[in-house]
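Biologist: Please take a close look at one part of this model, the network of salt bridges, and then place it beside the other side-chain contacts. A connected account would be preferred to a list.

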Amino acid sequence: MTGFIWADLRRHRIGALAVIILVALATALSVAVTLQERALRLGSARAADKFDLVIGAAASETQLVLSSVFLQPSPLPLVSGAVLHKLSQDPRVAFAAPVGFGDSYQDYLIIGTTTQAVHAFSPNLKNGRVFTRAGEAVVGALVQIKDETPIVPMHGNAHEGGHHHEEIRYTIVGRMEPTGSAWDRAILVPVGTVWQMHGMEPAGAKPSSLGVGAAHDHAHVDPESAIDETFTAATPDVPAILVKPRSIADAYKLRQEYRGNGTVAVFPAEVLTSLYATLGDAKTVLLLIATGTQALIAAALIFVTLVHMTQRRKQIGALRALGVSKPVVFTLVWAEIMLLLLAGIFGGLLLGYGGAVVLSGIMTRSSGIVLPVEFDMADVHFVLILCGIAGLMGLIPGFSAYRQSPASALRS
């Protein structure tokens with residue numbers, strides 16, 4: 001029986017290959033959508049693990065998280081430096097690290113922050129040390145810049161009228177371990193240097209001071225000057241503050257305390273939950289499209305299979321005339337169709353997985369966020385359902401062959 005099936009497939013190899021490709025493409029679409037959506041959820045959740053609480057000025061919580069956690073450039077209203085000072089003195093806070101945006105080098109954002117934030121992201125640096133002077137920088141694991149290259153920051157970008165800051169040239173003194181977050185593609189520098197370079201005087205920095213491409217006064221910075229990470233009530237305003245509470249209870253108390261009076265405090269995981277819901281809606285739409293595509297392909301395959309069976313009436317009639325029983329003919333036809341469909345399904349699994357891996361790799365290189373492509377039990381159930389549907393589809397030509405009369409088949 002096996003030899004007959006393989007011989008028949010070789011004789012009709014072009015049609016068999018077409019069936020396999022159609023099934024593989026339909027399966028790959030569903031698999032790729034499912035795996036990529038899961039990779040986005042897992043990757044973004046893991047990237048946000050190091051961020052317990054983010055505090056900013058009263059505005060969009062989603063934009064605050066996207067800008068501070070995922071480093072998506074966007075002008076944010078500034079929160080008062082007095083809030084940073086208050087948090088740094090709060091016994092419930094392990095540390096409060098400001099985040100200053102606005103500058104870049106090549107395709108990498110330059111983020112002003114503190115040594116505590118660097119240690120939080122990478123307790124053990126891959127090499128080097130943290131910055132201790134105004135002109136020093138620590139880079140993320142995916143920053144492709146040689147350590148000896150002087151970094152001249154650009155305010156904004158060239159497409160939006162940005163300009164270089166010749167007042168300072170940063171020197172790379174350390175490189176972080178991979179974190180799986182967007183901060184792997186960031187250049188971290190002392191926040192005090194960012195304030196000084198942009199001419200931000202204590203107590204009352206203008207909201208436009210860190211806007212992309214905004215005009216502001218420049219001030220020369222001595223790159224050898226020691227950094228000062230002491231924050232006072234006169235500290236310049238900042239776009240966001242990363243807060244590390246000492247306990248879970250402290251985290252909830254701080255979140256409640258700073259929701260109002262011009263500030264907003266968010267748990268990044270809560271914001272991600274709402275984003276996942278939106279992402280889930282998009283996934284549903286894509287899966288409906290994929291399901292419709294599969295239904296159309298299934299109908300086409302049934303039609304092609306029935307036409308193929310019509311063309312093979314004499315072959316089946318000859319088998320019956322030679323004494324092959326109806327159950328054997330049914331099994332031959334069903335097994336051949338099932339083999340083609342299973343080859344397409346498992347080929348689609350490989351194709352969908354490969355597509356998701358390639359897409360995740362591209363997104364990781366551009367964003368720094370590691371997107372893990374993983375199968376789980378839901379995928380096993382999906383494959384079993386597909387195999388069951390394939391088995392049912394194989395019954396149609398099988399029953400057609402079973403009911404066929406040898407005499408009528410040979411006369412056709």
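Modeller: In this predicted model, a network of salt bridges links Lys 86, Asp 90, Arg 92 and Glu 257. One contact within this network joins Glu 257 to Lys 86, with 3.5 Å between the closest N and O atoms. Glu 257 belongs to helix 7 (residues 248-257) and Lys 86 to helix 4 (residues 81-89), so this salt bridge ties together parts that lie 171 residues apart in sequence. Both partners reach solvent in part: Glu 257 is partly exposed because its relative accessible area is 34%, and Lys 86 counts as partly exposed at 45%.

Another salt bridge of the network pairs Arg 92 with Asp 90, the closest N and O atoms being 2.7 Å apart. Asp 90 has a relative accessibility of 10% and therefore counts as buried, the limit being under 20%.

The structure as a whole holds 13 salt bridges. Among them is the one in which the side chains of Arg 129 and Glu 136 meet, at 2.8 Å from N to O. Here Arg 129 is partly exposed, with a relative accessible area of 39%, whereas Glu 136 is buried, with 9%.

Aromatic contacts add a further set of links. Six aromatic pairs are found in the whole structure. One of them brings together Phe 51 and Trp 183, whose ring centres are 6.1 Å apart and whose planes stand at 45°, so the pair is tilted. This pair links distant parts of the chain, 132 residues apart: Phe 51 sits in the loop between helix 2 (13-47) and strand 1 (53-57), and Trp 183 in the loop between strand 8 (171-175) and strand 9 (186-190). Phe 51 counts as buried at 6% relative accessibility, and Trp 183 counts as buried at 0%. Together with Phe 121, these two residues form one aromatic cluster.

Tyr 353 and Phe 375 make a stacked aromatic pair, with 5.4 Å from centre to centre and 20° between the planes. Tyr 353 lies in helix 10 (residues 326-367) and Phe 375 in the loop between helix 10 and helix 11 (377-403), so the pair ties together parts 22 residues apart in sequence. Tyr 353 is partly exposed, with a relative accessible area of 33%, and Phe 375 is partly exposed as well, with 44%.

Finally, the structure holds two cavities of 30 Å³ or more. The largest contains about 50 Å³ of space, and its lining residues include Leu 64, Leu 76, Pro 239 and Val 264. That lining divides into seven nonpolar, two polar and no charged residues.

Methods: Residues are numbered from 1 along each chain as its sequence is written. This is a predicted model: local features need pLDDT of at least 70, side-chain atom pairs count only at pLDDT 80 or more; totals for chains, interfaces and linings use all residues. Side-chain values use heavy atoms; hydrogens and water are left out. On a 1 Å grid over the protein atoms alone, a cavity is a set of points where a 1.4 Å probe fits but cannot get out, and a pocket is an open set with protein on both sides within 12 Å along at least five of seven lines; lining residues have an atom within 4 Å of a point. Grid points are joined across faces, edges and corners, and a volume is the space filled by probe spheres set on the points. Ala, Val, Leu, Ile, Met, Phe, Trp, Tyr, Cys and Pro count as nonpolar, Asp, Glu, Lys and Arg as charged, and the others, Gly among them, as polar. Rings of Phe, Tyr and Trp (its six-membered ring) pair if their centres lie within 6.5 Å; planes under 30 degrees apart count as stacked, over 60 as edge-to-face and the rest as tilted. Helices (H or I, at least four residues) and strands (E, at least two) are DSSP runs, numbered from the N terminus. Buried means under 20% relative accessible area, exposed over 50%, partly exposed in between (1.4 Å probe, protein chains only). A salt bridge is a side-chain nitrogen of Lys or Arg within 4 Å of a carboxyl oxygen of Asp or Glu.
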